[in-house]
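Q: Hi! Could you walk me through this structure step by step?
A: Happy to, let's look at it together.

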Amino acid sequence: MAELNTGDGGGGKGGKVRSKKQNSKVDLTAMVDLAFLLITFFMLTTSLSKPQSMDLSLPNKDDDPNKKTEDTKVDENRTMTVMLGGDNKMVYYMGLLATPKVGPKDIAYGKDGIRRELLKQKKNVLAYSAALGKPKNGIIVIIKPTKKSNYRNLVDILDEMAITGVETYAIVPEFTPEEAKVIDKK
Amino acid sequence: MAKIKMKKKSTSTDMTAMCDVAFLLLTFFILTATAKVPEALPVDMPASVAISKLPDTDLAIITVGKGKVFFDIKGREVRKRTLEGMGAKYGIEFSEEDKTKFALMDDFGVPITGLKQIIDMKAADRTKANQPGIPLDSLDNQLKEWLLISRRATIDLDDKELQIAIKGDAKEEYPKIRKIMDILQDQKINSFNLVTGKRGRDF
């Protein structure tokens, strides 16, 4: 073994070897720190790994084609139709397509696009309903996903409904020829 | 003169007990945490602001991605019962070992005739097996049968209605999703969950 003791050459006063007093306690602070760090990690990952989910309720589908369905008449001033096209595009209009109050206009997803418009129209409709004496009648949004639209578009638009607080909306994948023309042109 | 001896106070506290507790908790959390198994069909979920979480039990997840449909049921007993039911329906015999293995595995996407092969594989091989998806055309709608039988099994075992969640890939086209929704609605399931990722309100 390599000798590292260099202080031995002094002759040694009295020749007494003083052994250093060893502390029997180990400092556990770092170990506890580590343990708590890991606890935090495992606690958070167990509860955060659960996926999020969005509830979706669809109206009852009627199997019986002979049964006459009663059409619910809604005020066209309250309806907003949003058509989801391909390439993350969408077109919206208020009222009827033949005599639209607003649009049909192209609009983008997100905060500055559809959300601003939804909030604006929601306010307009509420003011309109209040003038008629029925302040509880809010906006009705009809979502029409085309065959080209993808799942993200659908979730995004449903999400906008949740964010803007639109309570009445429907997913209707049926298009009149006029509507198909408008969405295909884009 | 009497010398007053000051007791020397140690500045360091005894950490032993704290360390014990910390490791006890750590062990608990490690053991309760479930290891994440790679999914047979990885999908990129669209994000939403929804904050409700999916339940752990009595849940069926339909995964849609790349044009394929995979199916997963949570809860071992329900899985066993469902496999029994499916075997009886399609005339395929599943052994007790098959059922136990099936109870422990995750999502799958094969026609019922190929299920035995998937059950016999190791967990790591299942993800690489290139499963073709569950058939759901009108002639051979196996997804419908899976749903029906698993719902029945849940009612038998837990006296609860099975919850259905759709986990779709963001790029999946709408008609495919619509088809799944139609199958659900044909069974009068009008309320279900869409599994999404998470995002803030200000995206």
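A: One term before we start: two strands pair if DSSP finds at least two bridges between them. Also keep in mind that this is a predicted model.

Q: Okay, so how many residues lie between strand 2 and strand 3 of chain A in their hairpin?
A: There are 5 residues between strand 2 and strand 3 of chain A. In that turn, A:D87 has a positive phi of about 55°. The two strands, residues 79-84 and residues 90-95, run antiparallel and are joined by 5 bridges. A:M83 in this pairing stands opposite A:V91.

Q: And what joins strand 3 of chain A to strand 4 of chain A?
A: A hairpin again, through 4 residues. Strand 4 covers residues 100-107 and runs antiparallel to strand 3, with 5 bridges joining them. If you'd like a pair to find on screen, A:M94 has A:V102 as its bridge partner in strand 4 of chain A.

Q: Switching topic: which strand of chain B is joined to strand 1 of chain A?
A: Strand 6 of chain B, by 6 bridges, with the two strands running antiparallel. Look for A:Q52, which stands opposite B:T196.

Q: How many residues does each chain bring to the contact?
A: Chain B brings 46 residues and chain A brings 40 residues. On the chain B side, helix 1 gives the most, with 10 residues. By class, that side has 25 nonpolar, 11 polar and 10 charged residues.

Q: New one: is A:L126 buried, exposed or partly exposed, and why?
A: A:L126 counts as partly exposed because 16 C-beta neighbours lie inside 10 Å, and being buried would take 20 or more. A:L126 lies in helix 2 of chain A, residues 111-131.

Q: What does A:L126 contact beyond its neighbours in sequence?
A: Leaving aside neighbours within four places in sequence, A:L126 is in contact with A:P135 and A:G138. The C-alpha atoms of A:L126 and A:N137 are separated by 6.9 Å, with the two residues 11 apart along the chain.

Q: Last thing: at what angle do helix 2 and helix 6 of chain B cross?
A: At roughly 130°, with their axes coming within 8 Å. The two helices are therefore oblique to each other, since angles over 145 degrees would count as roughly antiparallel and 65 to 115 as roughly perpendicular. Their crossing is right-handed.

Q: Which residues meet there?
A: Among them are B:R81 and B:M86 from helix 2 of chain B, and B:W146 and B:I149 from helix 6 of chain B. The residues of this contact divide into 6 nonpolar, 4 polar and 6 charged.

Methods:
Residues are numbered from 1 along each chain as its sequence is written. Chains are lettered from A and ligands numbered from 1 in the order in which they are written. This is a predicted model: local features need pLDDT of at least 70, side-chain atom pairs count only at pLDDT 80 or more; totals for chains, interfaces and linings use all residues. Two residues are in contact if their C-beta atoms, placed from the backbone, lie within 7 Å. Ala, Val, Leu, Ile, Met, Phe, Trp, Tyr, Cys and Pro count as nonpolar, Asp, Glu, Lys and Arg as charged, and the others, Gly among them, as polar. A residue is buried if 20 or more other C-beta atoms lie within 10 Å of its own, exposed if 12 or fewer, and partly exposed in between; C-beta atoms are placed from the backbone. Axes are lines fitted to C-alpha atoms, for helices over the stretch in contact, and angles run from 0 to 180 degrees between N-to-C directions. Angles under 35 degrees count as roughly parallel, over 145 as roughly antiparallel, 65 to 115 as roughly perpendicular and the rest as oblique. A crossing is left-handed if the near helix is turned anticlockwise from the far one by less than a right angle, and right-handed if clockwise.
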